[in-house]
Structures are given as C-alpha cells and as structure tokens.
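Please take a moment with the sequence and the model before reading on, and keep both in view as each part of the chain is introduced.

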Amino acid sequence: MIVKMKIDADEKEISRLQKYLIDKGFGIKDASSESVTLFGILGDVKSLDPEQIKVFPGVESVTRISSPFKLASKAFKQEPTIITLKNGVEIGGNEFVVMSGPCSVENEEQLRIIAKAVKESGSKILRGGVFKPRTSPYAFQGLGIEGLKMMRKVADEYGLAIISELMGTEHIDEFIKYVDIIQLGARNMQNFDLLKAVGKTKVPVMLKRGLSNTIEEWLMSAEYIMAGGNENVILCERGIRTFEKYTRNTLDISAVLAIRELSHLPVFVDPSHAAGKWQMIEALSLAALAVQADGIIVEVHHDPENALSDGAQSLKPHKFEHMMERLEKTSKVFTKQVNR
Ligand code: PEP
Ligand code: MN
C-alpha cells in the first residue's frame, strides 16, 4: 500500500501516521522524491482499510499495490534503479553493459587470456563460475574460493569488475570479499534461505530467472532480497524450459518488456544459457539491445573445444569482438529519430 502525502503536509503529520502504522506492526519504506512525499506500508496489509488512513491529516491518497511484489514494483518506485559498481560502471543507466568471461574459472592462465580479450573488446565486467551448479555430480564442480581469489587478482590487473555465482549460504562472508556482483543462478532462484542471506548484504545481486518460473515468481524472489534491505537487484532472463529441444532453453525476450512494465529494476539477458549454441549468441544479443535490456552476460572462451563447461555456447574472443562491434554500431541506430 502506498501513501502519498499532501505537498504541504508537515513532519508531525507524517511521523504521526507512520508511528500509528509501526505500532500496528507494519514496516515503512520511504519512496519520496524531491517533489513528492511518498511511503510504502510493508507487511500483511490486507487488514488495513485505506479509508481509515485517509482520515489522517496531511494524507493525499492511499493506493493498494495489486501485485504481490511491492519494493520491486513500478507502482512503488517509478524511476529506474541505477546500480553503480566500484569501478564506476553504471547498471540500469544509459549504457548497455556487457558482462563476459568463461562459464567456469579453470586456471589462472585461462582466465588471464580471456580477461585480456574481453577487456580489449570493451567489456567491463568479468564473469566466471567457481561454484558450478552441474547436472552431473561427476562433472567439474568449480575451483571454489581459491578460484575466486584468482579471479579477483586477474580482474584487478585489467580494471574489471567481477560477477560470480554463489550457490549456498555457507560461503557468503568469504565470497563477498571478492565479488562486485553476486550471481544467483537459475536453479537457486527460489532458494529462499540464500535470497534472505544475500538480502542482508549490500552487494549487488544478479538474480537469474528460474528454468520454469513465471515472471511474477521471479519478481517475488527479487522482493525477498529487497525486503532484507538489499535493493541492488539486477534481473536476468536466461531462457526458460519449453517443449522445444533444438535450443538449450527458449529465450523469453518478451520478459524484458514485461519487467520494464512491472518493475524499476535493471534487466539483463543471458543469450548463452538460453541458446546453448555459440552461433546464435550475436543475433540474440542484438535482440536484447532491440528490446532495450540493460545489458547482457555472455560466455567467452579462447579454447571452447576444451572448456570444462559450456564450450558449445562460448564465443571465441574474435567472435566476441565482432559481436561487440555490431552491438556498438547498432546501438547508435537506436538513438536516431524516425522522420516521416
Ligand atoms: C552460469 O551462468 O554459468 C549458469 C550456470 O547460469 P544459469 O544459472 O542461468 O544456468
Ligand atoms: Mn555456463
């Protein structure tokens, strides 16, 4: 429920109403901007009667948010959320941000070759998994925290930020010492303990859409993180499971548009895990740009034939460079006006 105060409402009126709500066990989330005093009432608001709140002096309007997600909703915050990383990169702003790197961190040499290549092609964020959610327990499981330290070292050599996947709560304190963005993978989208744990940090979180989850469920998971106090959430569409088997998953490009309508949070596309085929990555990245996603996260490997995971969907550095050139050129077209 959102309360908008009158332009001439004074501090006393605002705090009197907020105290009344807090005493009833509700939370208050300020959403004011320069021109308007606005706050959300958090909690199980079904029992609250908006008419009763309107009786308080200074109240202009009271609106129920019809969606089950509140903090993540556009009703609650109209301006887009912009997240600024330590290396200055803005996510959700004017730039189409490209995160890239190997599926898995394999060794320092591999990482350095790829980090150098993606940096030279203009990427500012290095991706790489050290805890790997593999379908088979016999497949490479990742290098763990040692791999993360390696990643930090190499990323710092090239001035890159880091995104890596956190799979469980047990490593969180160590993990956040090294990463700039915590990735929560598709398989963990509804791991509520993990969502709550990252919600207690201030580190930006990229929340991937679950393999078979609806957009509403995805936003409810974002809500878990935000309700814990961490509002730095980036959503990522990475393909969903459908009857189609030709591609690894089906990229739901319309999800980007749906998120734009429903939420103020930045939204990314992962064409790699969606398609599962390197041949499709460039075109799907252009599609992400066309729907004005905030960026993409793409797998790159210098030797995909021998990659320890996801080689089939990894771009070689020269293909990545080609894709970056096309993205750059195409993005200029998008800023042009249509004159008729
Ligand atoms: C990954 O990014 O390497 C990954 C496992 O992604 P997802 O969770 O989307 O499958
Ligand atoms: Mn992968």
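The paragraphs below go through the domains, the cores, one helix, the metal site and a few single residues.

The model shown here is a predicted one, and the domain assignment of its protein chain gives two parts, domain 1 (2–63) and domain 2 (83–333). If the centres of domain 1 and domain 2 are taken over C-alpha atoms, 38 Å separate them.

A good place to begin is the inside of the protein. In soluble globular proteins, nonpolar side chains tend to be buried together. In this model the largest nonpolar core has 72 residues, and the members that touch the most others are Ile182, Leu184, Leu207, Trp218, Leu235, Ile296 and Leu327. A second, separate core has 16 residues, among them Leu21, Phe39, Val45 and Ile53.

Met1 can be read alongside that second core. Met1 lies in the segment before strand S1 (2–5), and with a relative accessible area of 2% it is buried. Beyond its neighbours within four places in sequence, Met1 is in contact with a list of residues that includes Phe39, Val45 and Ile53, and these three are also members of the core of 16 residues. Further contacts of Met1 include Gly40, Leu48, Pro50, Val62 and Ile65. Leu148, by contrast, is 147 residues from Met1 along the chain, and the C-alpha atoms of the two are separated by 42 Å.

Which helix carries Trp218, and how does that helix sit among its neighbours? Trp218 belongs to helix H7, where it is buried together with Ile215, Leu219, Ser221, Ala222, Glu223, Ile225 and Met226. H7 covers residues 215–227, and its 13 residues reach 18 Å from the first C-alpha to the last, close to the 18 Å expected at 1.5 Å a residue. An α-helix has 3.6 residues a turn, so residues three or four places apart point the same way. The buried residues of H7 pack against two helices, H6 and H8 (254–262), and against the strands S10 (181–184), S11 (205–208), S12 (233–237) and S13 (267–269). Trp218 itself, leaving out residues up to four places away in sequence, touches Met189, Leu207, Lys208, Arg209, Leu235, Cys236, Glu237, Ala255, Ile259 and Val267. After H7 comes Gly229, whose phi is positive, near 115°.

Helix H6 (residues 192–199) contains Phe192, which is partly exposed because its relative accessible area of 32% falls between the 20% and 50% limits. Apart from neighbours within four places in sequence, Phe192 is in contact with Ser221 and Tyr224, and Ser221 is one of the buried residues of H7. Between the C-alpha atoms of Phe192 and Gly25, which are 167 residues apart along the chain, the separation is 23 Å.

The metal site brings in other parts of the chain. What coordinates the manganese ion (ligand 2)? The donors are Cys103 (SG), His273 (NE2), Glu299 (OE) and Asp310 (OD), at 2.0 to 2.3 Å, and in sequence these residues are spaced C-x169-H-x25-E-x10-D. His273 and Asp310 link distant parts of the chain, with His273 in helix H9 (residues 271–275) and Asp310, 37 residues apart from it, in the loop between strand S14 (295–299) and helix H11 (317–335). Both His273 and Asp310 are buried, and Asp310 has a positive phi, near 55°, in a residue other than glycine.

Cys103 counts as buried, because its relative accessibility of 2% is under the 20% limit. The structure holds zero disulfides, and Cys236 is accordingly in none, the nearest cysteine sulfur, that of Cys103, being 13 Å away. Cys236 is also buried, at 0% relative accessibility.

Two further residues complete the tour, one buried and one partly exposed. Ser100 is found in strand S7 (residues 97–101), where its relative accessibility is 0%, and residues that it touches from more than four places away in sequence include Val118, Ile125, Leu126, Val298 and Phe320. Gln292, in the loop between helix H10 (281–290) and S14, has a relative accessible area of 42%. Although Gln292 is not a glycine, its phi is positive, about 60°.

Definitions and conventions:
Residues are numbered from 1 along each chain as its sequence is written. Chains are lettered from A and ligands numbered from 1 in the order in which they are written. This is a predicted model: local features need pLDDT of at least 70, side-chain atom pairs count only at pLDDT 80 or more; totals for chains, interfaces and linings use all residues. Side-chain values use heavy atoms; hydrogens and water are left out. Buried means under 20% relative accessible area, exposed over 50%, partly exposed in between (1.4 Å probe, protein chains only). Contact means heavy atoms within 4.5 Å. The expected span of a helix is 1.5 Å times one less than its number of residues. Donors are N, O and S atoms within 2.8 Å of the metal (3.2 Å for Na, K and Ca); water is not among the atoms, so sites may look incomplete. Domain bounds come from an automatic or database domain assignment. A nonpolar core is a set of buried Ala, Val, Leu, Ile, Met, Phe, Trp, Tyr and Cys residues joined through side-chain atoms within 4.5 Å. A disulfide is a pair of cysteine sulfur atoms within 2.5 Å.
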